[in-house]
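Okay, thanks for squeezing me in. Let me put the structure up and then talk you through a few spots in it.

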Amino acid sequence: MLKKEKRRAYALLALFCLCIQISVGVLFVIPPVKVSAAPEVSAPSYVVMEASTGQVICEQDAGTRRSPASITKIMTLLIVFEHLKSGRIHLEDMVPTSAYAKSMGGSQVFLEEGETQTLDTMIKCITVSSGNDASVAVAEYIAGSEGEFVKLMNEKAESLGLQNTHFVDCCGLTESDDHYTSAKDVALMSRELITKYPEVFNYSGIWMEDIEHRTAQGTSTFTLSSTNKLLKQYEWATGLKTGSTSKALYCLSATANKDGMELIAVIMAAPDGKSRFADAITLLNYGYSVSQMYTDENKDALPMQKVEGGVEDYVNLTYAGSFHYLDTAGNNLNDIEKEISLPGVVEAPIAEGDAIGEVVYKLNGSRIGSVSIQAAKSVEEAGFLDYLHRIWIKFLVS
């Protein structure tokens with residue numbers, strides 16, 4: 001009887017310990033981070049991208065080729081700003097309007113044949129009012145003809161790796177099946193435009209502005225009114241371009257900047273104009289709700305690098321740039337570790353900008369990115385006279 005009681009007591013004790021173990025285990029289980037499912041929108045194709053990293057936050061049918069309508073002008077503007085940067089054209093240049101440019105239908109700012117406007121004004125006409133006539137006039141000014149300008153557009157698309165993009169005109173008015181792009185490609189060309197040429201926001205943020213038509217018939221005022229209603233509907237909106245035709249339906253590449261985080265939301269083939277803006281707000285809000293950005297400007301000092309066989313024994317180092325990391329999994333970004341990796345010595349000659357090492361960033365033990373560490377100046381290889389000079393200096397000092 002005593003043995004039975006002992007066995008029962010041991011069984012109860014074991015059960016009690018098991019319960020304690022289970023409860024403690026449950027107490028310290030870390031629940032998985034939940035990221036909200038991407039919201040439903042009316043557009044069949046969309047993508048949300050963070051601009052500095054190019055990371056896609058969410059997408060749907062983003063690689064399907066679709067007619068882009070006037071968001072074609074994103075590539076047109078990219079070519080324009082590239083030529084401005086190169087110095088081949090200037091904002092003060094007077095751009096003439098040909099009969100062909102005047103004949104464009106669809107969205108227009110009613111330029112007359114022979115009328116000239118500054119390139120600065122023409123960019124406003126393209127960006128704010130989506131002027132097809134202004135787009136063609138600028139294309140002709142830069143490349144001699146719209147056809148030659150379109151070649152530049154397709155070459156740029158190829159250089160950016162846009163495999164689902166091909167242009168036939170510079171404004172998107174065409175109904176040709178050979179004129180197409182995808183939501184993902186539009187996001188990539190938008191990213192190229194806004195990160196390399198942020199001055200485009202000086203134009204895409206305009207809600208309304210007057211320009212003057214000066215022709216043989218006299219001077220008249222025309223009001224440019226933005227086609228991008230998001231500028232009034234979303235407080236963080238900065239641009240970028242709308243588009244619509246019966247073939248493309250309603251498209252939008254929307255850019256926004258909230259607390260320093262820049263997002264791009266591309267919507268293609270939305271059923272109506274209001275839907276594309278509503279979709280953009282929904283997608284941008286989602287993007288901001290699940291994203292957090294880690295940025296290291298890399299302003300801290302780096303050690304000097306020892307050089308072997310050079311006219312100088314050490315060279316200063318510099319970071320190639322800042323580091324950006326977008327997190328959508330709810331990680332603690334304070335846990336990011338920064339590790340500098342440099343060789344003990346490098347051999348001369350060294351050119352300014354040569355990669356010497358790298359700084360590696362890790363989160364939870366996994367590598368999340370890196371930035372190159374470069375030589376801040378050139379160091380030539382030492383010759384016979386350089387070594388002789390060193391010996392002489394050493395002799396004098398001793």
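I'll go through the pocket, the cavity, two sheets and one threonine. Keep in mind throughout that this is a predicted model.

Let's start with empty space. In general, you roll a probe the size of a water molecule over the atoms and see where space is left empty. Here the largest pocket holds about 190 Å³. It has 16 lining residues, and the ones nearest its centre are Ser70, Ser107, Ser130, Gly243 and Ser244.

So what is the lining made of, by residue type? It's 11 polar residues, three charged and two nonpolar. And which elements supply at least two residues each? Those are β7, residues 237-245, and α10, residues 273-290. The largest share is from β7, with five residues.

Now hold on to β7, as it comes up again in the cavity. How many cavities of 30 Å³ or more turn up when you search the whole structure? One. The space in the largest cavity is about 50 Å³. Around it you've got Thr127 and Val128, then Tyr203, Ser204 and Ile206, then a run of Ser226, Thr227 and Asn228, and finally Leu231, Leu240, Lys241 and Thr242. Two elements give two or more residues to that lining, namely α8, at 201-204, and β7. Once more β7 gives the most, this time three residues. By type, the cavity lining splits into six polar, five nonpolar and one charged.

Okay, on to the sheets. As a general reminder, strands of a sheet pair through backbone hydrogen bonds, either parallel or antiparallel. One open sheet here has four strands, running β13-β18-β17-β15, with antiparallel pairing. At the edges are β13, 317-319, and β15, 337-341, each pairing on one side only. If you ignore direction, neighbouring strands in this sheet are turned against each other by 30 degrees on average.

Look at the pair β17 and β18 for a second. Strand β17 covers residues 355-363, β18 covers 366-375, and they pair antiparallel over eight bridges. If you want a spot to click on, tyrosine 361 sits opposite glycine 369 in β18.

The other sheet I'd like to show is also open, with three strands in the order β12-β11-β16 and mixed pairing. Its edge strands are β12, at 314-315, and β16, at 346-347; each has a single partner strand, so one side of each has no neighbour in the sheet. Strand β11, residues 305-308, pairs with β12 in the antiparallel sense over two bridges. There, glutamine 305 stands opposite valine 315 in β12.

Last stop, one residue. Where is threonine 165? It's in the loop between α6, 146-159, and α7, 183-196. And is threonine 165 buried or exposed? Its relative accessible area is 9%, under the 20% cut-off, so we call it buried.

What does its side chain touch, then, in the way of polar contacts? One is with the side chain of threonine 181, at 2.7 Å. Another polar contact, also 2.7 Å, joins the side chains of threonine 165 and aspartate 185.

That's my tour. Happy to go back to any of these on the screen.

Note on methods:
Residues numbered from 1 in each chain as written. Predicted model: local features only at pLDDT ≥ 70, side-chain atom pairs only at ≥ 80, totals over all residues. Heavy atoms only, no water. 1 Å grid on protein atoms, 1.4 Å probe; cavity = no way out; pocket = protein on both sides within 12 Å on 5 of 7 lines; lining within 4 Å. Points joined across faces, edges and corners; volume = space filled by probe spheres on them. Nonpolar A, V, L, I, M, F, W, Y, C, P; charged D, E, K, R; others polar. Pairing = 2+ DSSP bridges. Axes fitted to C-alpha atoms, helices over the stretch in contact; angles between N-to-C directions. Buried < 20%, exposed > 50% of the residue type's maximum accessible area, 1.4 Å probe, protein only. Polar contact = N/O pair within 3.5 Å; in protein donor to acceptor, adjacent residues only side chain to side chain.
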